[in-house]
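Q: Please take a close look at a single part of this protein. Then place that part in the wider fold, for a reader who is new to the structure.

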Amino acid sequence: SSGINAEYGIDVQQRLVPREQQHPREQLVKVPPGCDNIAQIFPNLSFTEEQFEYVLKELESRGDLAALDRFLDSIPPQISQHLENNEYLTAARAMVRYQKGEYRELFSILEDNKFAKVSRAPLQQMWHDAHYKEAERLRGRPLGAVDKYRVRKKYPLPKSIWDGSQNNHCFKEKARTLLREWYVQNPYPAPNIKRDLAEAAGLTPTQVSNWFKNRRQRDRAANSKNKKAMLSLSGGAWRPFEVSPNVSMTTENQ
């Protein structure tokens, strides 16, 4: 099948062949630096769909999304209509919308089009990140791990980019990180928070309660140990302010 690969090019029969076996006329189209117009790259607007996809990937790989945006805008309507079902083109448009902060348009693109399973991971990340950014803008503060979990729950992945399985955000180490992050904010979370944490971390509410209980006990033990060390260094009872028995603190003796 045809496709794009860094080590391969497209021949005239749309087959993948190693570069060293290609005839010069079969080489992939060149995209000169600063070239961001379809008519500059394809002067006669004559190209294969695979060559067009290659240009999109090349512009994306350079990290110049402004150039990619200008290239997309330069595509004539008749060509755009012919390529309306091209997944590379749709994904490129989604990426530009994401980078420009046009999240409503991004969501529409992701919901209204179909994407191959192998290309869904970055689109899934864009979906989540865009919703995070919208939530942060509304709340006026960065989101914590629990906040992000609630956003993901409120805005699940659309079927167009869902791979058929739940994206597990709560592997063992991530679960510990989530609980530590919340512990710093509040070592005594309310029951509803514990339930949210449990669901986000893939644990039971009892496991979450036990984790917080054990963490508080460890911290108390560590504080007690530190206090005993301070007493030992001070040579006995630690008195932050010691008054001589011969000195009165009343104003009469001042």
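**A helix crossing and its surroundings**

A: The crossing of helices α7 and α8 is right-handed, that is, the near helix is turned clockwise from the far one by less than a right angle, anticlockwise being left-handed. The model is predicted, so local features are taken only at pLDDT of at least 70 and side-chain atom pairs only at 80 or more, while totals for chains, interfaces and linings use all residues. Residues are numbered from 1 along each chain as its sequence is written, and side-chain values use heavy atoms, with hydrogens and water left out.

Helix α7 spans residues 120–139 and α8 spans residues 145–154; their axes come within 10 Å and cross at roughly 115°. These axes are lines fitted to C-alpha atoms over the stretch in contact, with angles from 0 to 180 degrees between N-to-C directions. On the α7 side, His128, His131, Tyr132, Ala135 and Arg139 take part, and they meet Asp147, Lys148, Val151 and Arg152 of α8. Contact here means heavy atoms within 4.5 Å. The residues of this α7–α8 contact comprise three nonpolar, two polar and four charged; Ala, Val, Leu, Ile, Met, Phe, Trp, Tyr, Cys and Pro count as nonpolar, Asp, Glu, Lys and Arg as charged, and the others, Gly among them, as polar.

The wider fold has 11 helices and two strands, which are DSSP runs of H or I with at least four residues and of E with at least two, numbered from the N terminus. Both strands precede the helices in the order β-β-α-α-α-α-α-α-α-α-α-α-α. Of the 254 residues, 35% are buried, meaning under 20% relative accessible area for a 1.4 Å probe and protein chains only, with over 50% exposed and anything in between partly exposed.

Helix α7 also belongs to the largest nonpolar core: it supplies at least two residues, as do α1 (38–41), α2 (49–61), α3 (65–73), α5 and α6 (103–112). Such a core is a set of buried Ala, Val, Leu, Ile, Met, Phe, Trp, Tyr and Cys residues joined through side-chain atoms within 4.5 Å. The largest one has 36 residues, among which Phe71 and Leu72 touch the most other members, and α5 gives the most, with six residues. In α3, the buried residues are Leu65, Ala67, Leu68, Asp69, Phe71 and Leu72; their cover includes α1, α2 and α5. Beyond its neighbours within four places in sequence, Phe71 contacts Asp36, Asn37, Ile38, Ile41, Phe52, Val55, Leu56 and Leu59.

A second, separate core of 15 residues includes Ile193, Leu197, Ala198 and Val208. Ile193, Leu197 and Ala198 are among the buried residues of helix α10 (residues 191–201), as is Lys194. With neighbours within four places set aside, Lys194 is in contact with Pro189, Val208 and Ser209. Following α10 comes Gly202, with a positive phi near 75°.

Finally, Asn86 sits in the loop between α4 (77–82) and α5 (87–99). Asn86 is buried, with a relative accessible area of 3%. Its side chain reaches the backbone nitrogen of Tyr88 at 3.0 Å, and, apart from neighbours within four places in sequence, Asn86 contacts Glu49 and Glu53.

Key. Polar contact = N/O pair within 3.5 Å; in protein donor to acceptor, adjacent residues only side chain to side chain.
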